[in-house]
Amino acid sequence: MLQTNRRRDPYPYTWEIPVGIATAVLLLLILAVHTGRGLACWFAGAGWAWPSSRTLFTSLPDLLTGNAGAGLADPTHASLVSSTVLMGWILTVQIVTFAVGIAATGWILRRWGPHRMKGMASPAEAEQLLGISQLRKAAAVIRPDLYTPTRKGRGHDGYHPAP
C-alpha cells in the first residue's frame, strides 16, 4: 500500500469544482458554435467570420436559428451561407468538440484520476533501472565468471564456451 493511500485528504468536495467545469464546457460549446459559423462562411467564400466580444453571447440565439450574419460587424458577406450549410458546420464542429472532450477526459482520468495506476515507473525510468544499459554497467558484479576484460578495456558480452 502506498503512503498516499494511507493519508486522508481533508479537502471537502464542494460546488466550486463542478461549477467551474460546467462553465468551461459551456464556454467551449459556445465557442464551437461560432467556430462552426466561421468555417461555414470561410468555405462559402465569404471569409472568416467571428463576432465581437460584445456580441459573442447575445448573437447565439439568432445564430442557432440559421442567421449566419448574427453578431457580425458586416453581415453582408455572411448572406452567402445558407442556413442548412450553417447548421451542418455547427453540428460538425460540435461533434468534433464532443469527441475531443471525451478523449481528453479519458486521458486525464487515466493519468490523474482516482483509478490511475499508482506506483508505476515510466518506460524511461524502467530502462534506467532495469534496462540493458544498466545490466552492461553491472556485468562484472552480476556475472564475474563471464566478465573477462579485453585489451580495449571492455568486458565480455556473454557466454561463449571455449572449444
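The protein chain exposes about 12700 Å² of surface, and carbon and sulfur atoms supply 65% of that area. The model is a predicted one. Of the 163 residues in the protein chain, 20% are buried. With regard to contacts between residues at least 6 apart in sequence, 47% join residues at least 24 apart.

The secondary structure consists of seven helices and zero strands. A reader who follows the sequence therefore meets the pattern α-α-α-α-α-α-α.

The second helix, α2, repays a careful look. It contains 28 residues, and at 1.5 Å a residue it should span 40 Å. The C-alpha atoms at its ends are 40 Å apart, which agrees with that expectation. Several residues of α2 are buried, among them I30, A32, V33 and H34. Further along the helix, G36, R37, G38, L39, A40 and C41 are buried as well. What covers the buried residues of α2? The cover includes α3 and α4 (83-112). Just after α2, G45 takes a positive phi of about 95°.

The buried residues lead to the nonpolar interior. In soluble globular proteins, nonpolar side chains tend to be buried together. In this model, the largest nonpolar core has 14 residues, and those with the most contacts inside it are C41, V81 and L86. The elements that give two or more residues to this core are α2, α3 and α4. Of these, α2 gives the most, with four residues. The surroundings of C41 can be described further: leaving out residues up to four places away in sequence, C41 touches A46, G47, A49, A78 and V81.

A polar residue may be examined in the same manner. Q94 is located in helix α4. Is Q94 buried or exposed? Its relative accessibility is 13%, and because buried means under 20% relative accessible area, Q94 counts as buried. When residues up to four places away in sequence are not counted, Q94 touches L29, A32 and V33. Both A32 and V33 are listed among the buried residues of α2.

The loop between α2 (16-43) and α3 (60-64) offers another case, for S59 has its place there. S59 has a relative accessibility of 4% and therefore counts as buried. Which residues are in contact with S59, leaving aside its neighbours within four places in sequence? They are H34, R37, A70 and G71. H34 and R37 are themselves buried residues in α2.

The aromatic rings complete this account. A search of the whole structure finds four aromatic pairs. One of these is formed by W107 and W112, whose rings lie 5.4 Å apart from centre to centre, with 85° between the planes. This pair is edge-to-face, because planes over 60 degrees apart are counted in that way. W107 is partly exposed, with a relative accessible area of 46%. W112, in turn, has a relative accessible area of 53% and is therefore exposed, since the cut-off for that class is over 50%. Elsewhere, ring pairs link W42, F43 and W89 into a cluster.

Notes:
Residues numbered from 1 in each chain as written. Predicted model: local features only at pLDDT ≥ 70, side-chain atom pairs only at ≥ 80, totals over all residues. Heavy atoms only, no water. Buried < 20%, exposed > 50% of the residue type's maximum accessible area, 1.4 Å probe, protein only. Contact = heavy atoms within 4.5 Å. Areas by Shrake-Rupley, 256 points an atom, 1.4 Å probe, with all protein chains shown as cover. Phe/Tyr/Trp six-rings, centres within 6.5 Å; stacked < 30°, edge-to-face > 60°. Expected span 1.5 Å × (residues − 1). Core = buried A, V, L, I, M, F, W, Y, C linked by side-chain atoms within 4.5 Å.
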